[in-house]
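Visitor: Before we begin, could you show me the sequence and the structure, so that I can follow each point on the model itself?

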Amino acid sequence: MERYGGVMLSKRELRDVVNIGIALTTEKDKNRLLEMILWKAMQISNCDAGTLYLYKNEVLEFKIMKTLSQNVSRGENGEKIELPSVRMLEENVCAYAAIHREMVNIEDVYYSDRFDFNGPKKYDAITGYRTKSMLVIPMADAEDELVGVLQLMNAQDENGEIVSFTEDDEFVLRSMSSQAAVCISNMKYIEEIKMQL
């Protein structure tokens with residue numbers, strides 16, 4: 001075990017963190033980068049579902065959605081996800097995390113009155129899913145400019161039981177989300193420069 005910022009990680013976990021950072025900085029395709037960010041975050045936390053939102057025009061737009069247990073994967077090829085954008089209102093957990101640049105860890109959304117979880121509950125009612133644990137991570141670049149939000153659902157233990165997201169998950173994902181935000185910002189700047197040429 002190695003100490004990484006106060007958290008004990010196995011050598012394999014530490015190597016994974018370094019490899020993720022390398023992979024993020026070398027990916028040149030925006031869609032693949034976004035998909036990689038969400039997929040790596042899901043792997044780190046061993047969760048079943050996740051959504052990556054990008055901040056644009058004062059809202060959070062759905063970009064990538066995955067639910068492994070239901071074989072759902074949307075947006076990874078750049079196709080538009082036909083769901084309404086999340087408005088920047090503090091009762092929306094993603095917006096709250098984005099506004100305050102604060103990670104939010106919810107043990108069970110059905111027993112939390114801290115935020116309005118009608119969106120996940122409606123999605124659950126339509127799909128038959130049951131959202132329980134949730135970890136919401138703001139992605140801000142080196143200048144603290146909001147880039148997007150990662151929302152992860154239903155962390156699992158080694159037996160596949162749904163559990164809460166851990167402090168180790170929080171620590172590693174905070175680091176990864178910062179790297180990811182810088183990579184997205186850099187890619188956006190390169191695209192803007194190319195458009196001006």
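Visitor: Taking Y53 to start with, is this residue buried or exposed, and at what relative accessibility?

Guide: This is a predicted model, in which local features need pLDDT of at least 70 and side-chain atom pairs count only at pLDDT 80 or more, while totals for chains, interfaces and linings use all residues. Residues are numbered from 1 along each chain as its sequence is written, and side-chain values use heavy atoms, with hydrogens and water left out. Buried means under 20% relative accessible area, exposed over 50% and partly exposed in between, with a 1.4 Å probe and protein chains only. Y53 therefore counts as buried, its relative accessibility being 4%.

Visitor: Which class of aromatic pair do Y53 and F62 form?

Guide: Rings of Phe, Tyr and Trp (its six-membered ring) pair if their centres lie within 6.5 Å, and planes under 30 degrees apart count as stacked, over 60 as edge-to-face and the rest as tilted. F62 is buried, with a relative accessible area of 16%. The ring centres of Y53 and F62 are 4.8 Å apart and the planes stand at 55°, so this pair is tilted.

Visitor: What is the geometry of the pair formed by F115 and F117, and which residues make up the ring cluster?

Guide: F115 and F117 are both buried, and their rings lie 6.2 Å centre to centre with 75° between the planes, an edge-to-face pair. Ring pairs link these two with a further residue into a cluster, whose members are Y96, F115 and F117.

Visitor: Which element supplies the largest share of the largest nonpolar core?

Guide: A nonpolar core is a set of buried Ala, Val, Leu, Ile, Met, Phe, Trp, Tyr and Cys residues joined through side-chain atoms within 4.5 Å, and the largest one here has 26 residues, with I37, L52, M139, L150, L152 and I184 having the most contacts inside it. Helices (H or I, at least four residues) and strands (E, at least two) are DSSP runs numbered from the N terminus, and α2 (30-45), β3 (47-56), β8 (134-140), β9 (146-156) and α5 (167-196) each supply at least two residues of this core. The largest share, 7 residues, comes from α5.

Visitor: How many of the residues of β9 are buried, and which residues does L150 touch?

Guide: β9 is mostly covered, with 10 of its 11 residues buried. Taking contact as heavy atoms within 4.5 Å, and not counting residues up to four places away in sequence, L150 touches I37, L38, A41, T51, L52, L135, V136, I137, M139 and M176.

Visitor: Which residue stands opposite L150, and which opposite G148?

Guide: Two strands pair if DSSP finds at least two bridges between them. β3 and β9 run antiparallel and are joined by 7 bridges, and β8 and β9 likewise pair in the antiparallel sense over 7 bridges. Opposite L150 stands L52, and opposite G148 stands M139.

Visitor: Which residue takes a positive phi in the hairpin of β8 and β9, and which in the turn between β9 and β10?

Guide: The hairpin of β8 and β9 has 5 residues between the strands, and the one with a positive phi, near 65°, is D144. β9 also pairs antiparallel with β10 (residues 162-163) over 2 bridges, and in that hairpin, which has 5 residues between its strands, the turn residue with a positive phi of about 85° is G160.

Visitor: How many disulfides does the structure hold?

Guide: C47 is buried at a relative accessible area of 5%, and C94 counts as buried at 4%. With a disulfide taken as a pair of cysteine sulfur atoms within 2.5 Å, the number of disulfides in the structure is 0.
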